[in-house]
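Please look over the sequence and the structure shown below before reading on. The report that comes after is meant for someone meeting this structure for the first time.

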Amino acid sequence: MIQGHGDDIFNYPDIEINFSSNVNPLGTNKDLLEHLKNRVTCISSYPKPLAENLAKQIEDFRSLPKESVLVTNGAVEGLYLVASLFLEKRSLIFVPSFAEYEDACKSFQHKIYFCSNEKVFADQNLSDYDAVWMANPNNPDGKILDTNKLKSIIREHKNTTFIIDEAYLDFTINIPSLANEIIEFSNLVIICSLTKRFSVPGIRLGYLVTHPERIERISQKLMPWRINAMAIECGLFCLSENFSDDFNIREIINESKRVQKEIDTISGFKVHPSETLFFLVEGPIKAGILKQKLALKNKLLIRDASNFRGISDSYFRISTRTPNQNEVLINALKEWK
């Protein structure tokens with residue numbers, strides 16, 4: 001899906017508050033911006049061919065096994081790289097979910113099957129599939145999966161590879177990553193993002209974590225210098241002892257729940273509860289129409305969620321911002337009740 005994602009602010013030059021992108025509401029760290037300014041001369045030299053220096057820093061930062069990390073040009077590239085390992089194989093995707101799972105599978109001629117994400121832990125034979133795609137937390141609904149149950153499923157289906165997107169795990173409370181389980185589970189791939197937590201989506205920076213043997217297989221397919229020097233500098237700084245900010249996930253989640261409650265009281269709007277900073281809302285008119293009206297009249301951008309497989313055209317997604325900014329959105333929605 002080249003078009004149709006959130007954060008299409010380039011289509012709306014007058015937007016003042018962007019609720020369509022699931023990133024840290026504090027915005028980009030000022031020290032990080034200053035660091036990148038001071039390091040801009042790094043673009044005069046080639047970066048490490050596979051960003052090996054950043055991969056090692058991630059491994060050290062997260063206490064991961066050696067050579068278990070591959071840096072990617074955004075988390076999306078990781079999805080396509082993993083999909084390339086399953087040419088013409090069978091993939092199961094739990095929906096609604098990020099459209100790029102399906103698009104990545106289509107790019108490599110997978111036989112694609114869909115199942116409601118309400119049935120993730122249902123008694124079913126996942127061994128029928130070569131790859132199973134899911135997210136924790138899930139986009140767009142913020143659904144959180146029990147990691148112990150996930151481990152049980154992965155353990156029971158050794159011949160099926162589980163690709164778990166943890167791009168938004170930083171926006172949850174006390175939900176452990178499965179990245180440290182990749183040695184026990186050779187059939188596990190974790191997709192991660194650095195752009196959400198640090199609010200740098202324009203720099204395109206992510207990574208995948210999996211068994212070193214799979215990292216080696218994927219690396220053989222890659223061209224050198226996919227990750228530019230500034231992106232590497234960004235990642236190195238964010239995962240260093242020099243980085244600090246006021247990120248407080250409990251405050252963010254509490255504010256998200258407050259906003260969910262407020263919007264749910266507006267006539268015509270139904271919130272689907274979420275335990276993370278973003279959530280789905282079912283509105284009184286088509287989401288595409290509401291998005292246009294809010295963008296043109298109120299200079300606010302929401303995510304039209306109607307193109308997520310499995311939900312209707314009245315759904316939109318909100319990623320909460322600061323309390324004052326959230327109040328602007330709440331008041332704007334009250335005008336459409």
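What follows describes a sheet, a helix, a loop residue and the cysteines in turn.

The model is a predicted one, and every value given here is computed from it. A good place to begin is an open sheet of four strands, which lie in the order 9-10-13-12 and pair in the antiparallel sense. At its edges are strand 9, residues 270-272, and strand 12, residues 303-304, each of which pairs on one side only. Helix 8, made of residues 249-264, packs on this sheet and touches both strand 9 and strand 10, with a direction that makes about 5 degrees with that of strand 10.

Strand 10 has pairings with strand 9 and with strand 13, and these may be taken one after the other. With strand 9, strand 10 runs antiparallel and is joined by three bridges, and the two form a hairpin that has five residues between them. In this pairing Glu282 of strand 10 is the bridge partner of Lys270. With strand 13, residues 315-319, strand 10, residues 278-282, pairs in the antiparallel sense over five bridges, and here Glu282 stands opposite Tyr315 of strand 13. Strand 10 is largely enclosed by the rest of the structure, because four of its five residues are buried.

Another covered element is helix 4, residues 99-107, in which seven of the nine residues are buried. These buried residues are Ala99, Glu100, Tyr101, Glu102, Asp103, Ala104 and Cys105. Their cover includes helix 3 (74-83), strand 3 (90-95), strand 4 (111-116), strand 5 and strand 6 (161-165). After helix 4 comes Gln109, which has a positive phi, near 55 degrees.

Where in the chain does Asn139 lie? Asn139 is found in the loop that runs between strand 5 (131-135) and helix 5 (147-156). Asn139 is buried, its relative accessible area being 6%. Its side chain is joined to that of Arg317 by a polar contact of 2.8 Å. When neighbours within four places in sequence are left aside, the residues in contact with Asn139 are Asn22, Pro96, Ser97, Phe98, Tyr168, Phe278, Phe308 and Arg317.

The cysteines remain to be described. How many disulfides does the structure hold? The count is zero disulfides, and the table sets out two of the cysteines that are in none.

| Cysteine in no disulfide | Nearest cysteine sulfur | Distance to that sulfur |
|---|---|---|
| Cys42 | that of Cys234 | 11 Å |
| Cys234 | that of Cys238 | 4.2 Å |

A disulfide requires two cysteine sulfur atoms within 2.5 Å, so the 4.2 Å from Cys234 to the sulfur of Cys238 does not qualify. Both residues in the left column are buried: Cys42 has a relative accessible area of 13%, and Cys234 counts as buried at 1% relative accessibility.

Conventions:
Residues are numbered from 1 along each chain as its sequence is written. This is a predicted model: local features need pLDDT of at least 70, side-chain atom pairs count only at pLDDT 80 or more; totals for chains, interfaces and linings use all residues. Side-chain values use heavy atoms; hydrogens and water are left out. Buried means under 20% relative accessible area, exposed over 50%, partly exposed in between (1.4 Å probe, protein chains only). Two strands pair if DSSP finds at least two bridges between them. Contact means heavy atoms within 4.5 Å. Axes are lines fitted to C-alpha atoms, for helices over the stretch in contact, and angles run from 0 to 180 degrees between N-to-C directions. A polar contact is a pair of N or O atoms within 3.5 Å; within protein, one must be able to donate a hydrogen and the other to accept it, and residues adjacent in sequence count only if both atoms are side-chain atoms.
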